[in-house]
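Colleague: I'd like a close look at one part of this model, please: the surroundings of the ligand. Start there and follow the contacts outward.

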Amino acid sequence: MNSTIRKFIFRDLQTVEGYIDPPDALVFLSLLKAQTERGLNGGIAEIGVYYGRTYFLFRRISGKRGRILAIDLFDIEQAPGGAETQYSRFIDNGRRLGLPIDEDLVIRRDSARVQADEIVGKIGYARFFSIDGGHMLHHVTADSRLAADSLADHGIIAFDDTFNPAWPEVTVGLADFLRQREGTFSAFCMTKYRTYVCRSQFYEFYCNVIKKAPDLLAFEHLETQFLGSKVARLHNPLGRRILYELMVRSGMSVFSERVYR
Ligand SMILES: C[S@@+](CC[C@H](N)C(=O)[O-])C[C@H]1O[C@@H](n2cnc3c(N)ncnc32)[C@H](O)[C@@H]1O
């Protein structure tokens, strides 16, 4: 099972334009697997779907019974004249990957106009919430509030593009969130692109998951301090990143998985 999901991450997912690379895909896999093993249930929600790269990862990991909610404006026109839209490419990707989209679980709207009740009504309280929509402070403020209000006690929020100098307000939004909810939420893991947060009573549990996950052994586990908690910083050495890119660009995606063992 794990090896087929790894193949999906390293081969199929690369055919969907978008923004999740193998290191974070392996973190998502490890966290969701640990939740399932522990019986920590709930739906999954994503703000900022684009063409579905992360969404299809969620779908593949959580299987037929998983309830994954996709929230996006879906207003990116691909061609003048509007023949091929962001939404139609998203739907086509699902068909092509054998993961057809349940359109009852898609919200095509500004996330600022989505209420927690609507999310909980569709998928139950979320065990995992990915925030990757608008990247300005007011977006991150609204989206993180929405995530917290619709999150299960054991739920995780993944903030994308944290510490990315191209989107400085994302980091401000994350810091505001953690400072306003000091003692309630803690960051427990960081990668080059994302910061992972959970309720403080589940902090030790998720720290342990990250420390011991077999799929994360390839990374250097460093420790850093961030707004009141120790955070595992997963470092992906430059040599491996270069090797991975070379393999993908020379058409050897199928074997690139070995680089991350
Ligand atoms: C960086 S892309 C998301 C990448 C995606 N998570 C992936 O896996 O490839 C950002 C997405 O956020 C959406 N977006 C931007 N502002 C939004 C808003 N206010 N409400 C909902 N979606 C929004 C955009 O339409 C775009 O599809």
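Modeller: Let's begin at Gly134, where a polar backbone atom sits 3.3 Å from a nitrogen atom of the ligand. Ser111 also uses its backbone, with an N or O atom 2.9 Å from a nitrogen atom of the ligand. Asp72 works through its side chain instead, placing an N or O atom 2.6 Å from an oxygen atom of the ligand. Taken together, the protein covers 89% of the 610 Å² of accessible area that the ligand has on its own (areas by the Shrake-Rupley method with a 1.4 Å probe; for residues, only the protein chains shown count as cover).

Before going on, some ground rules. This is a predicted model, so to speak with small print: local features need pLDDT of at least 70, side-chain atom pairs count only at pLDDT 80 or more, and totals for chains, interfaces and linings use all residues. Residues are numbered from 1 along each chain as its sequence is written, and side-chain values use heavy atoms, with hydrogens and water left out.

Back to the ligand. There are 18 residues around it, and Tyr19, Gly48, Thr54, Asp72 and Asp132 come nearest (a residue is near a molecule or strand if one of its heavy atoms lies within 4 Å of it). The shell splits into four nonpolar, eight polar and six charged residues. For that split, Ala, Val, Leu, Ile, Met, Phe, Trp, Tyr, Cys and Pro are nonpolar, Asp, Glu, Lys and Arg are charged, and the others, Gly among them, are polar.

Now follow the contacts outward, meaning heavy atoms within 4.5 Å. Gly133 sits in the loop between β4 (126-131) and α6 (helices, H or I and at least four residues, and strands, E and at least two, are DSSP runs numbered from the N terminus). Leaving aside neighbours within four places in sequence, Gly133 is in contact with Ile47 and Gly48, and Gly48 is one of the residues that come nearest to the ligand. Gly133 is partly exposed at 23% relative accessible area (buried is under 20%, exposed over 50%, partly exposed in between, with a 1.4 Å probe and protein chains only).

Gly133 also has Tyr50 for company: their C-alpha atoms are separated by 8.8 Å, with the two positions 83 residues apart along the chain. Tyr50 lies in the loop between β1 (43-47) and α3 (53-62), and its relative accessibility of 23% counts as partly exposed. Its backbone is worth a look: phi is positive, about 60 degrees, although Tyr50 is not a glycine. Most residues other than glycine have a negative phi.

Phe74 has a positive phi as well, near 50 degrees. Its place is the loop between β2 (68-72) and α4 (86-96), and it is buried at 5% relative accessible area. Val106, in strand β3 (residues 106-108), is in contact with Phe74; its other contacts beyond four places in sequence are Leu69, Ala70, Tyr87, Phe90 and Ile101. Val106 is buried too, at 11%.

Arg194 leads back to the ligand's neighbours. It belongs to strand β7 (residues 194-199) and is buried, with 1% relative accessibility. Its side chain reaches the backbone oxygen of Tyr19 at 3.1 Å and makes a 3.3 Å polar contact with the side chain of Asp24. A polar contact is a pair of N or O atoms within 3.5 Å; within protein, one must be able to donate a hydrogen and the other to accept it, and residues adjacent in sequence count only if both atoms are side-chain atoms. Beyond four places in sequence, the residues in contact with Arg194 include Tyr19, Thr54, Asp132, Phe159 and Cys189. Tyr19, Thr54 and Asp132 are among the residues that come nearest to the ligand.

Phe159 takes us on to Ser144, in helix α6 (residues 137-149), whose contacts beyond four places are Ile131, Phe159 and Phe177. Ser144 is buried at 3%, and its side chain reaches the backbone oxygen of Thr141 at 3.2 Å.

Last stop, Cys189: buried at 0%, but don't draw a disulfide (two cysteine sulfur atoms within 2.5 Å), because its closest cysteine sulfur, in Cys207, is 8.6 Å away, too far for a bond. A search of the whole structure finds zero disulfides.
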